[in-house]
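Good morning, everyone, and thank you for making room for me today. I would like to walk slowly through one structure, strand by strand, so please keep the picture in view as I talk.

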Amino acid sequence: DDQKMTSAIAQAVSAGSGTIELEARAHAFANQWSSAYVSSSVTSAIRIIGQGVAYNGMWGNPSAATTCDMQYSGAGAARMDFQHLGSIEITGIMFEDTVASTVPFLQTTNATPNIHDNVFAGNASVSGVTCYQDAIVLGGTGTTTGAGDTAPYQGYQGFIARNFFHRIRCGVSCQTYANSPHIEANTWSITCGSNSSSI
């Protein structure tokens, strides 16, 4: 799964656009999904789509046709790190963690996000005030635009909607220059929470 995703993202960036469709099965990824900043004149529109998710309004475990166990626990900003100029759409996927990593699921700096109709599920060992995983991070903590994990948010007019957060500390974190993202109609399960007053 790692080799296929790395190749697919690279091809989409090179072509300037592309749709990556994941099958209705369980996937496992030990490496990051990532795209690099190239230059201010190169833009790419990337879509990553699964086969749909099933929310659980009774506060039980959500499920999905397409699941992705995101096992990356390295020093990068997130398990999915999108730094390319352009856009990133992700839909119809349940993202899970089986390695108890504190690395957030997704960060975008330059790519305008369209993250909708997904499930982000933290490790099964946590719930409520013991949650430590963040789902979506908009921008880094620096002020110099361009490449790097700390680059500020430039994905204006981003859209984050109809996602289900399960065992998550923070659903959406807006960092430096995170202006005008549309965040609406998301659901935080009763299993979410934090022991930090700053979240």
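Let me begin with a single pair of residues, Asn114 and Phe159, which stand opposite each other, with Phe159 belonging to strand 15. Before I go further, please keep in mind that what you see is a predicted model. Right beside that topic there is a second pair to find, since Ile115 stands opposite Ile160, again in strand 15. Both pairs belong to the place where strand 12, covering residues 111-116, is joined to strand 15, covering residues 159-161, by three bridges, with the two strands running parallel.

Now, Ile115 has a partner in the other direction as well, because we may ask which residue of strand 12 stands opposite Ile90. It is Ile115 that stands opposite Ile90, and here the pairing is between strand 9 and strand 12, which are held in the parallel sense over six bridges.

Let us keep walking in that direction. Strand 9, which is residues 85-91, pairs with strand 4 in the parallel sense, and this time there are seven bridges; one example is Ser44, which stands opposite Gly86 in strand 9. Strand 4 is in turn joined to strand 1 by five bridges, and these two strands also run parallel, with Ser17 having Ala45 of strand 4 as its bridge partner.

If we put these steps together, we arrive at an open sheet of six strands, in the order 1-4-9-12-15-18, with parallel pairing. At its edges are strand 1, residues 17-21, and strand 18, residues 182-184, each of which pairs on one side only. From one strand to the next, the twist of this sheet averages 10°.

What lies across strand 1 and strand 4? That is helix 1, made of residues 2-15, which runs at about 155° to strand 1.

There is a second sheet to look at, an open one of five strands, in the order 3-8-11-14-17, and its pairing is parallel too. Strand 3, residues 33-35, and strand 17, residues 170-174, each have a single partner strand, so one side of each is left without a neighbour in the sheet. The twist here averages 10° from one strand to the next. Within this sheet, strand 11, residues 106-108, and strand 14, residues 134-138, pair in the parallel sense over three bridges, and Leu106 has Ile136 as its bridge partner in strand 14.

Let me turn to the empty space inside. How many cavities of 30 Å³ or more does the structure hold? There is one, and the largest cavity contains about 40 Å³ of space. Its lining is made by Val13, Ala36, Tyr37, Val38, Ser39, Val42, Ser44, His84 and Leu85, and you will recognise Ser44 as the residue that stands opposite Gly86. Sorted by type, the lining residues of the largest cavity come to six nonpolar, three polar and no charged.

Finally, let us step back to the whole chain, whose secondary structure comes to one helix and 19 strands. The radius of gyration of the chain is 16 Å, close to the 16 Å that the globule rule gives for 199 residues, so the chain is as compact as a globular protein of that length. Along its principal axes, the C-alpha trace spans about 45 × 40 × 30 Å.

Thank you for listening, and I am happy to go back to any part of the picture.

Notes:
Residues are numbered from 1 along each chain as its sequence is written. This is a predicted model: local features need pLDDT of at least 70, side-chain atom pairs count only at pLDDT 80 or more; totals for chains, interfaces and linings use all residues. Side-chain values use heavy atoms; hydrogens and water are left out. Two strands pair if DSSP finds at least two bridges between them. Helices (H or I, at least four residues) and strands (E, at least two) are DSSP runs, numbered from the N terminus. Axes are lines fitted to C-alpha atoms, for helices over the stretch in contact, and angles run from 0 to 180 degrees between N-to-C directions. Contact means heavy atoms within 4.5 Å. On a 1 Å grid over the protein atoms alone, a cavity is a set of points where a 1.4 Å probe fits but cannot get out, and a pocket is an open set with protein on both sides within 12 Å along at least five of seven lines; lining residues have an atom within 4 Å of a point. Grid points are joined across faces, edges and corners, and a volume is the space filled by probe spheres set on the points. Ala, Val, Leu, Ile, Met, Phe, Trp, Tyr, Cys and Pro count as nonpolar, Asp, Glu, Lys and Arg as charged, and the others, Gly among them, as polar. The radius of gyration is taken over C-alpha atoms; the globule rule is 2.2 Å times the number of residues to the power 0.38.
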